[in-house]
Amino acid sequence: MTTRAPRDDHDEAGLRVGPPATSAAGVPGVVHGLASVLEQSGVRRGAKALRLVNQQTGFDCPGCAWPEPGKPHLAEFCENGAKAVAEESTVRRVDAAFFAAHPVAELAERSDHWLGQQGRLTEPMLRDTGDTHYRPIGWDDAFGLIADALTGLAGPDDAAFYTSGRTSNEAAFLYQLFARTFGTNNLPDCSNMCHESSGAALSETLGIGKGSVSLTDITDHADLIVIVGQNPGTNHPRMLTSLEQAKRRGARIVAINPLPEAGLQTFKNPQRVRGVVGKGTLLSDLFLQIRLGGDLAFFQAVNRLLVDADAVDHEFVREHTTGYDAAVAAWRGLDWDDVAAATGLPRAALDAFVDEVRRADSVIVCWAMGLTQHKKAVPTIREIVNFLLLRGNVGRPGAGACPVRGHSNVQGDRTMGIWEKPPAAFLDALEAEFGIAAPRRPGHDTVDTIRAMRDGKIGVFMAMGGNFAAATPDSDLTAAALQSVPLTVHVSTKLNRSHALAGQRSIILPCLGRTERDVQAGGEQFVTVEDSMSAVHASRGTLRPASDQLRSEVAIVCGLAERVFGAGSAIPWSAFAADYTTVRSRIARVIPGFDDYEARIAKPGGFVLPHPPRDSRTFPTASGKAQFSVNGLEVLRVPPGRLLLQTVRSHDQFNTTIYGLDDRYRGIRDGRRVVFVNPSDLAALGVADGAMVDLVSEWADGDRRAPSFRVVSYPTAPGCAAAYFPETNVLVPLDHTAEVSNTPASKSLVIRLEPTAAPGPAGAAPRRRR
Ligand SMILES: Nc1nc2c(c(=O)[nH]1)N[C@H]1C(S)=C(S)[C@@H](COP(=O)(O)OP(=O)(O)OC[C@H]3O[C@@H](n4cnc5c(=O)[nH]c(N)nc54)[C@H](O)[C@@H]3O)O[C@H]1N2
Ligand SMILES: Nc1nc2c(c(=O)[nH]1)N[C@H]1C(S)=C(S)[C@@H](COP(=O)(O)OP(=O)(O)OC[C@H]3O[C@@H](n4cnc5c(=O)[nH]c(N)nc54)[C@H](O)[C@@H]3O)O[C@H]1N2
Ligand SMILES: [Mo]
């Protein structure tokens, strides 16, 4: 169906492949991180930024959402946090002269890496209908143009307001208030592509869609930590420090993953002398190389074996849960051939895992995208809850569910009401506080927003951060959909693909980043964020802003709101922008758990939001009990000659931000168009290691093609291939989503490998070097 040629500056001639690493971090980790900070931000600015990251007086690392320890090391950052800081504190600039020199059509041909490397956006820009270039526009004119477009829509649901997970609590709260005052719940966010499946499964079964453990449960209490579908060595490197602490006091760790990820094997702690010179800590006691999508069958089998062995906490089950008998009946009907086919694991592996579980008084299960981005993601996570409930592993020290979030404030954004399906109680509170009539119709999530754009139903699309065009599935379809929208507005720190594949008219509003000082009429401001373990704390930028024309996200929402709702608005938008304490006092009145917000946020480390299952074993579900569930098993059967493909992150990217072209732990240098395939599959398919292939995904409506990938023979689970996103998003059909959560199922694509056609005269044209 659709194809997209490699872009001309995506020169992969230098691609080198070596053996994968067996340990993570250590000296190379920090050296790599520092090199990128110092190169991009200059020595003094870079050093200052790094000194303040995740310190109690500094800013929250713009990288991942792993919590800070109570007393951070002087250097509580990691290699990839350093890259995130460098990316933001760069001294390079994308200004009016840049846009005058580069037509949008040219930018659309550039790689994500090249776009990101150009630097920080400096002033508002407009590309009007039919224009070839962006040109500067003043803030007032930009707000006026957007306000006119919004008020000219046939109805409020013709607008959609996307959020990426870096947005602060204050900005997120005001942004959703703006959307709901305008009259729509169309608040899609990156969470829809991320942990939506976790939220859905946990709310149903435990009554709250957030993880139930704190950092000390991991470091100080858990006997067994199970890490499923997560690659912490790359995506949550500070988690390795916590795991190392757990190991040192005798905790056991099991990793369940189709890939033998370096960070799950040995960890060399760069912040500890022994890590610098010694051999590092062996992290995993057991590694189960599962097939893609095999986790539902795995946990059903484990649950069945625990019940057979009567290794069940009957008192907990009786007192706190419901649905046990039905679940047991379902497990008794499990077909062991299905389990073997789905997991690819021998029975001995299951038994070894069950032994670990039975020896452990307290168990934590951590997971990320390896579970959430599958068709059966929600049933899989419900089954993990079953597993925890069986042995009472919820609501006591060292036990619980730990969905490890991605973006540094993605969890906080949801708490603030960035949600297309807001609970009625939240809307009631918003109405009572602000005297608005909040819309009650559910809004569009990310996938439905793309469908609505495609169907011509979105007149204005606004994005608070993120890179909608590159992060979403079905790249060609989505690009066409986005480009058909009459007006798109991107609030961004850096240039990205969404600015090149924007609407008929496109506005870019440049904003302050986390690292930068935020001075408003009421003086210097700070913002607040919530980490993966429900801890809320302050984040205060300290660097000089990249340009004096930047505005904060809060100021941008308030400035636009004033233009849309007029000076007579009952909501004091300009007071909110002048002094963020006035925003926090409203949050405290609307959202449970934020009482006394200002005082508690002033304490070092902030405060932890209530979580009834964790705090008191109370379960705010419909039944008032924790819910066992029955989850039908469906084995992913792949037609002969096909592979299952997962789309993953390299070590040198943050989602669509490509820091560099290496994936050190997997042995890849200077290139991203690679596909990892098990050697036995290569033999069976008759494809040579190093061959050039097109990846062709198969779906009901036809094929999708991503051309020119180099095959890398790799010890991934048989039948299961891997390649990087966003290059492979073109392969993900828009309708291939998880049940219930509607999250794109980008970790299980049925593909075939086709030899890449030899370049004809056109393809042989010399390609520009990076
Ligand atoms: N440096 C850096 N940090 C990041 C990010 C980044 O891009 N770069 N992104 C941030 C964001 S938004 C997020 S959501 C997180 C993502 O963090 P991760 O979820 O760790 O990211 P992925 O690269 O998608 O890795 C998925 C992992 O799950 C495994 N997996 C895939 N399918 C299955 C399966 O069916 N079963 C099992 N058991 N395992 C499977 C893969 O082999 C891989 O190890 O990281 C956050 N932190
Ligand atoms: N195939 C495939 N697709 C995926 C995934 C996958 O595993 N496989 N993962 C999914 C996941 S987990 C996620 S979370 C999404 C991510 O989707 P998004 O959150 O939309 O994408 P990002 O790449 O994180 O967004 C990067 C952009 O954010 C902007 N930015 C950075 N910092 C700030 C800031 O402080 N303020 C503002 N306003 N803008 C800022 C910059 O302009 C930068 O270019 O991608 C999803 N897409
Ligand atoms: Mo994410």
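## Exercises on a predicted model

Lys 48, Arg 51, Arg 517 and Arg 544 make up a positive patch on the surface. Keep in mind that this is a predicted model.

**Exercise 1.** Find the helix where Arg 51 of the positive surface patch sits.

*Solution.* Start with the patch, where Arg 51 is listed along with Lys 48, Arg 517 and Arg 544. Now look up Arg 51 itself: its place is in helix α2, which covers residues 43-52.

**Exercise 2.** Work out which strands stand at the edges of the open sheet β22-β23-β24.

*Solution.* First, read the order: three strands, β22-β23-β24, with antiparallel pairing. Next, look at partners: β22 (527-530) and β24 (607-608) each have a single partner strand, so one side of each has no neighbour in the sheet, and these two are the edges. Then zoom in on β22 and β23 (residues 535-539), which pair in the antiparallel sense over four bridges. In β23, Val 536 is the bridge partner of Glu 530.

**Exercise 3.** Classify the aromatic pair of Trp 573 and Phe 576.

*Solution.* The structure has 26 aromatic pairs. In the one formed by Trp 573 and Phe 576, the centres are 6.4 Å apart and the planes make 90 degrees. Planes over 60 degrees apart count as edge-to-face, and that's the class of this pair. Finally, check the helix: the two residues are three apart in α28 (residues 573-578), so about one helical turn separates them.

**Exercise 4.** Track down the cis peptide bond between Phe 725 and Pro 726 and say where Pro 726 lies.

*Solution.* Begin with omega, which is about 10 degrees for this bond. Most peptide bonds are trans. Then place Pro 726: it's in the loop between β33 (720-724) and β34 (749-755).

Methods. Residues are numbered from 1 along each chain as its sequence is written. Chains are lettered from A and ligands numbered from 1 in the order in which they are written. This is a predicted model: local features need pLDDT of at least 70, side-chain atom pairs count only at pLDDT 80 or more; totals for chains, interfaces and linings use all residues. Side-chain values use heavy atoms; hydrogens and water are left out. Patches are made of residues with over 30% relative accessible area and no salt bridge: like charges are joined within 9 Å, nonpolar side chains (Val, Leu, Ile, Met, Phe, Trp, Tyr) within 5 Å. Accessible areas come from the Shrake-Rupley method with a 1.4 Å probe; for residues, only the protein chains shown count as cover. A salt bridge is a side-chain nitrogen of Lys or Arg within 4 Å of a carboxyl oxygen of Asp or Glu. Lys and Arg count as positive and Asp and Glu as negative; His and the chain ends are not counted. The place of a charge is taken as NZ of Lys, CZ of Arg, CG of Asp or CD of Glu. Two strands pair if DSSP finds at least two bridges between them. Rings of Phe, Tyr and Trp (its six-membered ring) pair if their centres lie within 6.5 Å; planes under 30 degrees apart count as stacked, over 60 as edge-to-face and the rest as tilted.
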